[in-house]
Number of protein chains: 4
Amino acid sequence: MPETNLADTYRDLRRELHRHPEPAWCEFYTTARLIDELEQREVDELRYGPEIHGDARRNIPDTATLSEWRERAREAGAPDAVLDHIGEGYTGVVAVVNRGEGPTVALRVDIDALPITEADGDDHHPAAAGFRSTTEGYMHACGHDAHATIGLGVLDRVLDGEFAGTFKLIFQPAEETIAGGQSIAESGVVDDVDSFLALHIGLDHPSGEVVAGIDEFLAVRQFEATFEGESAHAGARPEDGDNAVQAMAAAVQNLYGIPRNSAGGTRVNAGRVGGGTASNIVPEEAFIDGEVRGETTHLMEYMWKRAERVLSGAATMHSCEVDIERLGDAPSAHSDAVLVDIVDRVARRTAGVESVVDHDSLGGSEDATYLMQRVQQRGGLAAYVGVGTNHPGGHHTPTFDVDERDIAVGIDLIAGVVADLAADESE
Amino acid sequence: MPETNLADTYRDLRRELHRHPEPAWCEFYTTARLIDELEQREVDELRYGPEIHGDARRNIPDTATLSEWRERAREAGAPDAVLDHIGEGYTGVVAVVNRGEGPTVALRVDIDALPITEADGDDHHPAAAGFRSTTEGYMHACGHDAHATIGLGVLDRVLDGEFAGTFKLIFQPAEETIAGGQSIAESGVVDDVDSFLALHIGLDHPSGEVVAGIDEFLAVRQFEATFEGESAHAGARPEDGDNAVQAMAAAVQNLYGIPRNSAGGTRVNAGRVGGGTASNIVPEEAFIDGEVRGETTHLMEYMWKRAERVLSGAATMHSCEVDIERLGDAPSAHSDAVLVDIVDRVARRTAGVESVVDHDSLGGSEDATYLMQRVQQRGGLAAYVGVGTNHPGGHHTPTFDVDERDIAVGIDLIAGVVADLAADESE
Amino acid sequence: MPETNLADTYRDLRRELHRHPEPAWCEFYTTARLIDELEQREVDELRYGPEIHGDARRNIPDTATLSEWRERAREAGAPDAVLDHIGEGYTGVVAVVNRGEGPTVALRVDIDALPITEADGDDHHPAAAGFRSTTEGYMHACGHDAHATIGLGVLDRVLDGEFAGTFKLIFQPAEETIAGGQSIAESGVVDDVDSFLALHIGLDHPSGEVVAGIDEFLAVRQFEATFEGESAHAGARPEDGDNAVQAMAAAVQNLYGIPRNSAGGTRVNAGRVGGGTASNIVPEEAFIDGEVRGETTHLMEYMWKRAERVLSGAATMHSCEVDIERLGDAPSAHSDAVLVDIVDRVARRTAGVESVVDHDSLGGSEDATYLMQRVQQRGGLAAYVGVGTNHPGGHHTPTFDVDERDIAVGIDLIAGVVADLAADESE
Amino acid sequence: MPETNLADTYRDLRRELHRHPEPAWCEFYTTARLIDELEQREVDELRYGPEIHGDARRNIPDTATLSEWRERAREAGAPDAVLDHIGEGYTGVVAVVNRGEGPTVALRVDIDALPITEADGDDHHPAAAGFRSTTEGYMHACGHDAHATIGLGVLDRVLDGEFAGTFKLIFQPAEETIAGGQSIAESGVVDDVDSFLALHIGLDHPSGEVVAGIDEFLAVRQFEATFEGESAHAGARPEDGDNAVQAMAAAVQNLYGIPRNSAGGTRVNAGRVGGGTASNIVPEEAFIDGEVRGETTHLMEYMWKRAERVLSGAATMHSCEVDIERLGDAPSAHSDAVLVDIVDRVARRTAGVESVVDHDSLGGSEDATYLMQRVQQRGGLAAYVGVGTNHPGGHHTPTFDVDERDIAVGIDLIAGVVADLAADESE
């Protein structure tokens, strides 16, 4: 494979973002840092704060958590004015470049990180090379630091190149909680878009491989179920308690036991649970932060219906109440063949690309599907592109990392597609 | 019932302690406040810090938690010198009064609070009268604020009265985590004690009732079980995960299902549980803070043996490892008849006491049993006394409260017993 | 201990009954065999069939099962006329002896066996001595064969002795399913009884020990819960099934997890469960034959209320329906002190008795309590007597057996009590 | 659709078989009835009994069950000589027709029924038309009665037609327990086969539709897990029990909770479970008859590995032993394109066929795959053909039925394929 190197400026940016992982809706520092980059460039419009979000943002952390991350961002150097404008977690930023007549092309990259403690062994490159997460317990374990960097790289190509039309670069927050995509979509930011692109690095595709159009996103619904019972002294009056932890445990056991479906893949996860206060008190409260998925929205709804019954029955068993709150949702979506063909064509001429796969299923979920649907419903086209990279650990694990050379491949590829889209139009 | 009133000074102290609930090993403010009271009195010895603790303190919170509570105490006015001497959670204080020839009598009162959010309705007296907990999430929900106040009241009577002998007043920390009693016992503080008294207010006995000797303490063992599996992306690679939350839930379900025992009462509680990090990640870690109890140590050990098997089997089921750490323990103990008879005699002449019960089972656990055993093994006598009070909510619930007049009854009763013990000896 | 031997006639009878264990309501052979014995004696009345039962017999096996056991009895030699009169499981028999003026004294012994496969090792006496159960899967594992024999022995003493009054000997069926006691009680058979006696052999008391009055019977309720879901092909259409076995398993897990109660002992058992038809079919049906108990009726009702919720919630979880049928019930009861004193007095002069315990708790349940209550409510007295025996295996286990010499002790003891009751009256 | 009718002789046979459903290895009557039919035809060889089976038959019912079904067959008219030759469940029969030079073509049809109680409503055709199952609790709920009839119909065409070569008709037992296919394969019966055909009716394909080659059989493994604990009196000594039903229930809960797999579909079912003997005895034994499946053998092995851990951990939890016995197994297999093309060609000219699907996945399992593999490994070809029918209820449900006209379609189709295979060869 011909040597492909990432320019220092992009490498430094990626590593700085990697050092500052921020979870969904708390990307204060990341947003400020990207705004700083964008302000150094000839961007025509720079939008952020409430104006790029819809009315119904979901899954917002509580005020104390937002404040904590905002303070952390402030201490790390984010300007007060920017933080004030972001306000109560209206993170993310959209840059618009107007270059006369031509199509409106949008690129969406996501910017949030995960509540995972990063590996610190010498065989984990970010640790060995000194850019491991500085916030214990949080980590860019899904490559969004690379995505944001690719976004900026593509913008630079658009600014430096022959592009004719309008280019919108969307740095989207809160992908991991499948909340940001819908919020951005509802703001109308992509309503005039002709061609929409989103991308993901890795996904078990090796360095040198490109997936021209990813499909079969798992539809997903995230929820929080809160069980409320009655506390009691566990030694003196156990019979007075209605044990919320017993209800929660029964629910966990049976959520995973929802029948498989012959119509296609399904998923369920009780990803974060908790309950109770001390070993000698019958627990009064417990919760499950969970999700269900399906290869189609129908399959996801099948899982949801069964999950609701399990949660409700588990509460009944232990005389508890359960409150089920739906948090994020993402539908299925598909990549348009016309766009996929263009990505395929460009990929075959891009340095560092050795194989092109036309089609792959994600096997996961993505709230870019909200934006794809929004564009497609208004007559535009959409494609979701995969950029391979040799990642040592799996996505969402402590040893995840990307080969930085593949960030350069991603920039070349997407910039090429954007250029071709404008050129095709002008023919 | 003849009117019994609590002197303002004791009422104020009780309410101030109620306002400042501190959990086990974090009683920095409480200890400092009591030291301040003791320093205003003619006490011969005042011991606190590491010297009143054994080597093997258990169930100590982590350094960050200790620091947080120490800072809170400092802000509330606790002197730096005292806090420094308390150090890493060596809370509690022992006061000694020497009054010539006579028996050595010890009184133990406990001082820690619970992780419970106090009720704030108008029908909850501490809220209505303005002395509700100022630390959200923590509460004196077991009457230890009253116990500490009774302790100081008895000390005052000893100082003012005819007492001949040695009186030791022990303010013990960390009763709720059954850790403080053993620690104090192992320091040797009670090794020379002839008569040992401990007390509890409430326990479902109404105002005006005294239990001369409580027995049948449930033996207890607290533990923390930590499950470790393997994380994975819940959508893309669920099969790569070894789900620690599934293991934990299976354990909870089956811990509560340990067979009842015909030889006597048993208990089990998974009082605090948690696991996982986010809804889209297969949980890698989970934990149970739990406890088992039995009417005898043998019954507790029966529960423990079964619990270990459940925890181990649950881990196996989901390819996880489980680490089981024993935290606090307390044995059974009994009240000596000779002492119980004296308490009974004194109670019958104490104003405000309308009925005397010779004997009752606790139905809970108490680490005073460590101190009782220590004294009894060295030839001394011990009794655990109950002072009734009309408490609106149960112990360990958000609406627990005591009738303050019963604090006065407690002082009169115990002071009377201490006086009689000295007088009996001199006859 | 002075040698006590059991007369050959009684030993032979006991062993014959042991060879022919019959479960509740199916005691066709046993009843016929006892009637044969009674007909050889000068009994004034001999009642059996529907007339000794109330209207609301519960827990009756289905017709096919009844027929099977009736046929088995016929093949073993039971006369057709007797079997016809017993009809649809109206098993058991009452013998009445009128001996002029005097009190009415009743003795109740139970006659049913259990669905347990008897041990066949050489160390199991019935196997070694050739009187092991001839019906595989069933066994006299609770000593009712000895009880019936004692009953006949006492009758012989009454017939041979000075007894003045009326003696009623009740051979009660269906004790193990706590159904026979209520049925006999409701027939009115004991409504004129002045002194009522029931007895049990063993109960962990050794040979030579007598318990003059057993108390603290656990109140009990037996139930059958039937779950109904929807079947489906487990490979091709798992999603179409509503899995009754999953519902049942969730119920089992959580029934055993009903909180312990500080007010006293409780029990729960899912003693027989089943469901489904083949490994490749999602199970449409499942059932639990279970029971709850409590040291008081109140505690049993606490368990019942919780159990109903668990069963209902478990069904909801898996979209099944559950039908909960209450089968047998037995209340608590107590032995009257006056009767207990007489038993105590007689026991102390009975050969083979070395120690007399006035009082013991059963720790199990017994539907003799229905008869005891019936007598006590009408002004009579009742006592439940324990006759110790060294039994190798526990009650309800495959190696249970009795020392036959203790059957002789039981006859002497109870016959003595009956004699004294009549004698006391005539004084 | 042009009217297609089933000749009376075939309809009568199908209905008679439907009236006499027999489970795996118990097809005594069915085998005898088919032998009777075959003996009326000019068949060159007729083989049955041990000679058509391998050494390692699995999943054989116990002797009592075999005897019971053999007796039932005898009462229904099966000749003693035939029953004697079938012996201990060596059911099934193979007919061979030699017609000179030409290929060896085999057709396999299965003949066993299921333990399902057939619907008896008027809307269930077999009930309304008087050929409902005469053996309560058993039913031809998967169409094997139609398969056997199609087999005989094809034989008649071969006998009546121009066929040149060798035709083997295999009536295979024990498909539902995935045991018969392997046994027949190991006898060597298909070792000389050039073209192998198997068929299934229904499978959610409507009347008029043919699937030329079914693929993606789920690999499957059936097992029986037996838990053994310790019994005890549930009231008097619950602590002495090691509860096998609790272990079984924990296993069921967690078997269904084995993680889904992103590599493809998986299945798990605890299809038949049971345990315990009576409500007042702590259950000593319990069992699960279950199965795991996967779209590939690798996925099935993934499920198996996890299932073993769950079963083992569940036993540990409740101090029980578990014995896991592997019963039937079936691998994946594929239909050969050459054969599929021929089926497709013939189907398009067959009356009553309106649409032909080249390929479909089964979504279930089939032990015909053993025979397919055996033929393919020796150089032969194999195809598994689907014949649509409008079936009111799903496979393995009480209302399953077939449209009898589709039996005629099946005969025409398969007979046509057999004819073409011989004709092609001779070209």
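By what turn, and with what RMSD, can chain B be laid on chain C? In this predicted model, a turn of 180° combined with a shift of 0.0 Å along the axis lays chain B on chain C with an RMSD of 0.1 Å, and the relation is therefore that of a two-fold axis. Within chain B, the residue whose C-alpha is nearest this axis is B:Gly257, at a distance of 2.2 Å. Both copies are served by the same surface, as 100% of the contact residues of chain B recur in chain C.

Chain B also touches chain A, and here 50 residues of chain B are in contact with 50 residues of chain A. On the side of chain B that touches chain A, two or more residues are given by each of several elements of chain B, namely the strands S7 (219-228), S8 (232-233), S9 (266-276), S10 (281-282) and S11 (285-294), together with helix H8 (244-255). The most is given by S9(B), which supplies nine residues to this side. In composition, the side of chain B that touches chain A comprises 20 nonpolar, 22 polar and eight charged residues.

Strand S9(B), which gives the most to the side of chain B that touches chain A, also takes part in strand pairing between the two chains: strand S9 of chain A, covering residues 266-276, pairs with S9(B) in the antiparallel sense over five bridges. With regard to individual residues, A:Val273 stands opposite B:Gly275, which lies in S9(B).

Notes:
Residues numbered from 1 in each chain as written. Chains lettered and ligands numbered in written order. Predicted model: local features only at pLDDT ≥ 70, side-chain atom pairs only at ≥ 80, totals over all residues. Least-squares fit on C-alpha atoms with pLDDT ≥ 70 in both. Contact = placed C-beta atoms within 7 Å. Helix = DSSP H or I, 4+ residues; strand = E, 2+ residues; numbered from the N terminus. Nonpolar A, V, L, I, M, F, W, Y, C, P; charged D, E, K, R; others polar. Pairing = 2+ DSSP bridges.
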